[in-house]
Each structure stands twice: as C-alpha cells, then as structure tokens.
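Work through the exercises below with the sequence and the structure at hand. Try each task before reading its solution.

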Amino acid sequence: MTKYPEVKHPNLIGEYPALVMSGGGYVWDDVLEYRVWCYPENGAPDTEDGNDYYYYFSTYEKAFEFSKNNVGCEPPIALILQEEYIDEEEPGKFVHIKEPRLAEWQVEFLKRPRRTDKTIPDFLSPDAPSNRLDILRGLV
C-alpha cells in the first residue's frame, strides 16, 4: 500500500507545465504527478545549462527513492489539481475561488482528506470551529 495517493492519470505524467503555483489553496482534489527537483548548484548533473530541472514519477515511493539516491535533489513534492480552493488574501481573510489551478505541494499536505463538496463551505461557515484548519485536517 502506498503512503500517498496514486496519480489521477498515470499516462499524463510529464505532460503538465513545469511552472505552476507553489503551495496554498488549503485543499486538493487530485495528484497529477510526483516531482523531484534537481539543482546543479547543489551537485545535480548539469543537464540544462545550469538551470534547475525535475523528474516526474507516478508514485511517491519511486520519487522518494530517486531523491534519496541522487545528489542535488530535493525530497519529492506533489503536483496537485485544485478544482476549487481557498485563497487567503490577507491573514484570516478567506475567499472561495471556484476555478481550477495546478500547484506544487509538500507531500505531507496530502495527509489531509480530499476536498468534498462540503469542505470549503464548512470551512467558511460562521458556525465553523475556532480552529478552521481542523475541518481541512478531517478532525471535525
């Protein structure tokens, strides 16, 4: 059994844009691929004229093995799809955005439950618990 979710469409890994949002949004719908970023300045082979680059994987485990066994690599991150998400325009001011976006996330965030139709409305509800993040963590 895998530690983190499987990718939505294994046949599409490597087809997504390299430059996407980083973090944020609080919720996730699907994992599209796992990425390992490589940095020549940290000892990764210089295959892209000094530029950073990444390898993509269909599972976290394969990405982790690669990052562990190669110099100049960061731990794996997940490329996720957010069909809808929560924008925090300023601390404590949350807005429900109803448009899809791609983002790279720390894989630990995938321990949160997937977004459901109720996740964001419950999070924004005036009746939400004082620690709204408990809703995202699946604790409420």
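**Exercise 1: Asp-49 and backbone angles**

Asp-49 is found in the loop between β2 and β3. The model is a predicted one.

Task: Decide what sign phi of Asp-49 has, and whether Asp-49 is buried or exposed.

Solution. Step 1: Start from the general rule that most residues other than glycine have a negative phi. Step 2: Phi of Asp-49 is near 55°, a positive value in a residue other than glycine. Step 3: Exposed means over 50% relative accessible area. Asp-49 has 77% relative accessibility, so Asp-49 counts as exposed. Step 4: Tyr-26 also has a positive phi, near 70°, and is found in the loop between β1 and β2.

**Exercise 2: A buried charged residue in a loop**

Task: Find where Asp-29 is placed, and say why Asp-29 counts as buried.

Solution. Step 1: Asp-29 is in the loop between β1 (21-22) and β2 (30-38). Step 2: Buried means under 20% relative accessible area. Asp-29 has a relative accessible area of 9%, so Asp-29 is buried. Step 3: Leaving aside neighbours within four places in sequence, the contacts of Asp-29 are Leu-81, Gln-82, Glu-83, Glu-84, Arg-114 and Arg-115.

**Exercise 3: Salt bridges**

Task: Identify which residues form salt bridges with Arg-35, and work out how many residues apart in sequence the parts tied together by Glu-104 and Arg-35 are.

Solution. Step 1: Side chains of opposite charge can pair when their charged atoms come close. Step 2: Arg-35 meets Glu-33 in a salt bridge of 2.7 Å, N to O. Step 3: Arg-35 also forms a salt bridge with Glu-104, with 2.8 Å between the closest N and O atoms. Step 4: Glu-104 lies in strand β7 (residues 101-106) and Arg-35 in strand β2, so this pair ties together parts 69 residues apart in sequence. Step 5: Check the accessibility. Arg-35 is buried at 0% relative accessibility, and Glu-104 is buried at 13% relative accessible area. Glu-33 is buried too.

Step 6: Turn to another pair. Asp-134 and Arg-137 meet in a salt bridge of 3.6 Å, N to O. Here Asp-134 is partly exposed, with a relative accessible area of 21%, and Arg-137 is partly exposed, with 43%. Step 7: Asp-29, Glu-84 and Arg-115 are joined into one network by salt bridges that share partners. The count of salt bridges comes to eight.

**Exercise 4: The nonpolar cores**

Task: Which element gives the most to the largest nonpolar core?

Solution. Step 1: In soluble globular proteins, nonpolar side chains tend to be buried together. Step 2: The largest nonpolar core has 20 residues, of which Val-31, Tyr-34, Ala-78, Ile-80 and Leu-110 touch the most other members. Step 3: Two or more residues of this core come from each of β2, β3 (53-57), α1 (60-69), β4 (77-82) and β7. Step 4: β2 gives the most, with four residues. Step 5: Apart from this core lies another, of seven residues, among them Val-27, Ile-97, Ile-120 and Phe-123.

**Exercise 5: The largest pocket**

Task: Describe what classes of residue line the largest pocket.

Solution. Step 1: The volume of the largest pocket is about 160 Å³. Step 2: The pocket is lined by 15 residues, and the closest to its centre are Pro-113, Arg-114, Thr-116, Thr-119 and Ile-135. Step 3: α2 (119-124) and α3 (133-136) each supply at least two residues of the lining. Step 4: By class, the lining has seven nonpolar, three polar and five charged residues.

Conventions: Residues numbered from 1 in each chain as written. Predicted model: local features only at pLDDT ≥ 70, side-chain atom pairs only at ≥ 80, totals over all residues. Heavy atoms only, no water. 1 Å grid on protein atoms, 1.4 Å probe; cavity = no way out; pocket = protein on both sides within 12 Å on 5 of 7 lines; lining within 4 Å. Points joined across faces, edges and corners; volume = space filled by probe spheres on them. Nonpolar A, V, L, I, M, F, W, Y, C, P; charged D, E, K, R; others polar. Buried < 20%, exposed > 50% of the residue type's maximum accessible area, 1.4 Å probe, protein only. Contact = heavy atoms within 4.5 Å. Salt bridge = Lys/Arg side-chain N within 4 Å of Asp/Glu carboxyl O. Core = buried A, V, L, I, M, F, W, Y, C linked by side-chain atoms within 4.5 Å.
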